[in-house]
Amino acid sequence: MADQAGLMILIAGPYRSGTGDDPAKIAANVHLMESYVLPLFNAGHLPVLGEWLALPMVDLAGSKRIGDAAFNAIFHPIAERLVIRCDAVLRVGGPSQGADQMVELAKTHGRQTFARLQDIPNCGELIDPQEY
C-alpha cells in the first residue's frame, strides 16, 4: 500500500458487554480489539479504538466508576465522533449493543463496514486474531 493511503478503521467490539463490569473481563475485551491493531497497521491502515481516547478523558472528567454520569457523557460519544471521521469500522468480538450501534452509524454516514479482517483491502491473507 505504499502508493495509496490506507483506511482509518475504528475497531468496534464489546467493552462492558457480558462482563458484569469485571475489570479482568473488560481488559480481555480490550485486548481482543487491540489484537487487530498490528495486522491492520502492517497492511497499511490506521487502526483506532474509541477506548484509547475515551478512557483518559473519562478519568479527567472525574469518573469514579464505569457507567457513572462522567463515564456515560464521554465513552460512547467519543466512538460516535470517531465513526464519522473514520473510513471504516471493523466489528469484532461477541455481542455488544454499543459496537453494533457504531456499525449502524458508520453505514448511515456511508462508511465501509467489515465483519472479517480478510475482507479489508490488503488483509485477505491475514489470519483473524480470533481464530488463533
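A pocket is an open set of grid points with protein on both sides within 12 Å along at least five of seven lines. In this predicted model, the largest pocket has a volume of about 320 Å³. Its lining is made up of 22 residues, and those closest to the centre of the pocket are Tyr-15, Phe-75, His-76, Gly-98 and Ala-99. Four elements each give two or more residues to this lining: strand E1 (8-12), helix H3 (50-60), helix H4 (69-85) and helix H5 (97-108). By class, the lining holds 11 nonpolar, 9 polar and 2 charged residues.

The helices named here also pack against one another, H3 with H4 and H4 with H5. Two packed helices are described by the angle between their axes and the distance between the axes.

For H3 and H4, the angle is about 150° and the axes lie 9 Å apart. Angles over 145 degrees count as roughly antiparallel, and H3 and H4 are therefore roughly antiparallel to each other. The crossing of H3 with H4 is right-handed. On the H3 side, the contact is made by Gly-50, Glu-51, Leu-53, Ala-54, Leu-55, Met-57 and Val-58, and on the H4 side by Phe-71, Ile-74, Phe-75, Ile-78 and Leu-82. These residues divide into 10 nonpolar, 1 polar and 1 charged. Phe-75 thus appears in this contact and also among the residues closest to the centre of the largest pocket.

H4 then meets H5. Their axes come within 9 Å and cross at roughly 30°, which makes H4 roughly parallel to H5. H4 passes H5 in a crossing that is again right-handed. From H4, the residues that take part are His-76, Ala-79, Glu-80 and Val-83; from H5, they are Gly-98, Met-102, Leu-105 and Ala-106. This contact has 5 nonpolar, 2 polar and 1 charged residues. His-76 and Gly-98 belong to the contact of H4 with H5, and both are listed among the residues closest to the pocket centre.

Notes: Residues numbered from 1 in each chain as written. Predicted model: local features only at pLDDT ≥ 70, side-chain atom pairs only at ≥ 80, totals over all residues. Heavy atoms only, no water. 1 Å grid on protein atoms, 1.4 Å probe; cavity = no way out; pocket = protein on both sides within 12 Å on 5 of 7 lines; lining within 4 Å. Points joined across faces, edges and corners; volume = space filled by probe spheres on them. Nonpolar A, V, L, I, M, F, W, Y, C, P; charged D, E, K, R; others polar. Axes fitted to C-alpha atoms, helices over the stretch in contact; angles between N-to-C directions. Parallel < 35°, antiparallel > 145°, perpendicular 65-115°, else oblique. Left-handed = near helix turned anticlockwise from the far one by under 90°. Contact = heavy atoms within 4.5 Å.
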